[in-house]
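Reader: I'm new to this one and would like to go through it slowly. Could you put it up so that we can talk it over?

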Amino acid sequence: MRQLPPQSEPAFGFSNSPFGECCIVFSNDGICALTFPESFESATYDIEQRFPETNFRQNDEKARRLAKQIFELGDKPLMHPIGTDFQQAVWNALQRIPAGETTTYAQIADAIGRPKAVRAVGTAIGANPIAYLIPCHRVIRTDGGLGGFRWGLECKKKMLEWEKK
DNA sequence: ATAAAGGCCACCC
DNA sequence: GGGTGGCCTTTAT
């Protein structure tokens with residue numbers, strides 16, 4: 001099952017955040033992406049890849065409002081991530097990790113009833129479209145290593161530090 | 001239909 | 001520390 005791409009008033013915008021500038025993609029159905037791109041171009045390229053056929057307006061004002069909700073007030077706005085069944089299962093499991101705690105890729109695999117799909121879990125976590133809100137940064141390796149992070153390991157560390165207190 | 005590439009893990013050296 | 005083989009999903013041929 002594949003969810004529909006954003007349809008109702010799709011838009012994107014940039015805002016600052018505790019972890020550097022972020023790009024938020026949203027529609028009336030909720031947030032469908034939160035990224036930390038290096039540039040305007042890489043951000044729009046990413047959007048283009050993820051949602052071809054969709055025409056987005058730029059709305060930085062709303063993006064800043066959302067960022068404030070997320071990072072300052074700790075709200076969790078409505079989300080609308082697009083992905084396969086497997087990915088949805090993984091992303092749902094991520095949202096059950098309490099803030100300030102970590103788990104491992106293997107434990108997530110167990111949690112979704114696919115203990116052998118550890119590697120695929122790693123791949124699915126890497127495909128997480130909504131950074132921070134879907135807390136893929138709380139997943140580390142079984143051997144204690146930090147694992148990877150799409151937006152750089154420094155960023156992953158920062159997020160974990162930020163949540164520690 | 002098939003190949004190649006992953007944010008992994010256990011096991012060896 | 002490092003290398004290898006197995007595992008499973010996704011994406012691009």
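Author: Let me begin with a term: a polar contact is a pair of N or O atoms within 3.5 Å. Please also keep in mind that this is a predicted model.

Reader: Okay, so how far is the side chain of Arg114 from a phosphate oxygen of DNA strand C?

Author: An N or O atom in the side chain of Arg114 is 2.2 Å from a phosphate oxygen of DNA strand C, and because a polar contact needs two such atoms within 3.5 Å, the pair counts as one.

Reader: Which other residues are around DNA strand C?

Author: Besides Arg114, the residues around DNA strand C are Thr84, Phe86, Gln87, Lys116, Ala117, Arg119 and Ala120. Of the atoms of DNA strand C that come within 4 Å of the protein, sugar and phosphate account for 80%. A base oxygen is involved as well, since a polar side-chain atom of Arg119 lies 3.0 Å from a base oxygen of DNA strand C.

Reader: Which elements give two or more residues to that surface near DNA strand C?

Author: Those elements are α3, covering 85–94, and α5, covering 118–126. Sorted by class, the surface near DNA strand C has three charged, three nonpolar and two polar residues.

Reader: And DNA strand B, how many residues surround that one?

Author: DNA strand B is surrounded by 17 residues, of which Tyr105, Arg119, Gly126, Thr142 and Gly148 are the closest. For DNA strand B, sugar and phosphate account for 35% of the atoms that come within 4 Å of the protein.

Reader: What lies 2.9 Å from a base nitrogen there?

Author: That is a polar side-chain atom of Tyr105, which lies 2.9 Å from a base nitrogen of DNA strand B. A polar side-chain atom of Lys156 lies 3.0 Å from a base nitrogen of DNA strand B, while in the case of Ile125 a polar backbone atom is 3.3 Å from a base oxygen of that strand.

Reader: Which element gives the largest share of the surface near DNA strand B?

Author: The largest share comes from α5, with seven residues; the elements that give two or more residues to this surface are α5 and α4, the latter covering 105–111. By class, the residues near DNA strand B divide into eight nonpolar, five polar and four charged.

Reader: Let's go inside the protein. How many residues are in the largest nonpolar core?

Author: The largest nonpolar core has 36 residues, and the members that touch the most others are Ile24, Leu34, Phe71 and Leu94. The elements that give two or more residues to this core include the strands β2 (22–27) and β3 (30–35) and the helices α2 (60–72) and α6 (153–164). With five residues, α2 gives the most to this core.

Reader: Changing topic, what is the volume of the second largest pocket, and which residues line it?

Author: The second largest pocket has a volume of about 180 Å³. Its lining includes Gly74, Asp75, Lys76, Tyr132, Arg138, Trp162 and Glu163. By class, the lining has six nonpolar, four charged and two polar residues.

Reader: Where is Asn128, and is it buried or exposed?

Author: Asn128 sits in the loop between α5 and β6, the latter covering 139–140. Asn128 has a relative accessibility of 5%, so this residue counts as buried. A polar atom of the Asn128 side chain lies 2.9 Å from the backbone oxygen of Ile134.

Reader: What about Gly83, buried or exposed?

Author: Gly83, found in the loop between α2 and α3, counts as buried because its relative accessibility is 2%. The C-alpha atoms of Gly83 and Lys158 are separated by 27 Å, and these residues are 75 apart along the chain.

Reader: One last thing, what is the phi of Glu9?

Author: Glu9 has a positive phi of about 60° although this residue is not a glycine. Most residues other than glycine have a negative phi. Glu9 is in the segment before β1, which covers 11–15, and is exposed, with a relative accessible area of 60%. Glu53 has a positive phi near 75° and is not a glycine either; Glu53 lies in the loop between α1 (40–50) and β4 (57–58) and is exposed at a relative accessible area of 84%.

Methods:
Residues are numbered from 1 along each chain as its sequence is written. Chains are lettered from A and ligands numbered from 1 in the order in which they are written. This is a predicted model: local features need pLDDT of at least 70, side-chain atom pairs count only at pLDDT 80 or more; totals for chains, interfaces and linings use all residues. Side-chain values use heavy atoms; hydrogens and water are left out. A residue is near a molecule or strand if one of its heavy atoms lies within 4 Å of it. A polar contact is a pair of N or O atoms within 3.5 Å; within protein, one must be able to donate a hydrogen and the other to accept it, and residues adjacent in sequence count only if both atoms are side-chain atoms. Helices (H or I, at least four residues) and strands (E, at least two) are DSSP runs, numbered from the N terminus. Ala, Val, Leu, Ile, Met, Phe, Trp, Tyr, Cys and Pro count as nonpolar, Asp, Glu, Lys and Arg as charged, and the others, Gly among them, as polar. On a 1 Å grid over the protein atoms alone, a cavity is a set of points where a 1.4 Å probe fits but cannot get out, and a pocket is an open set with protein on both sides within 12 Å along at least five of seven lines; lining residues have an atom within 4 Å of a point. Grid points are joined across faces, edges and corners, and a volume is the space filled by probe spheres set on the points. A nonpolar core is a set of buried Ala, Val, Leu, Ile, Met, Phe, Trp, Tyr and Cys residues joined through side-chain atoms within 4.5 Å. Buried means under 20% relative accessible area, exposed over 50%, partly exposed in between (1.4 Å probe, protein chains only).
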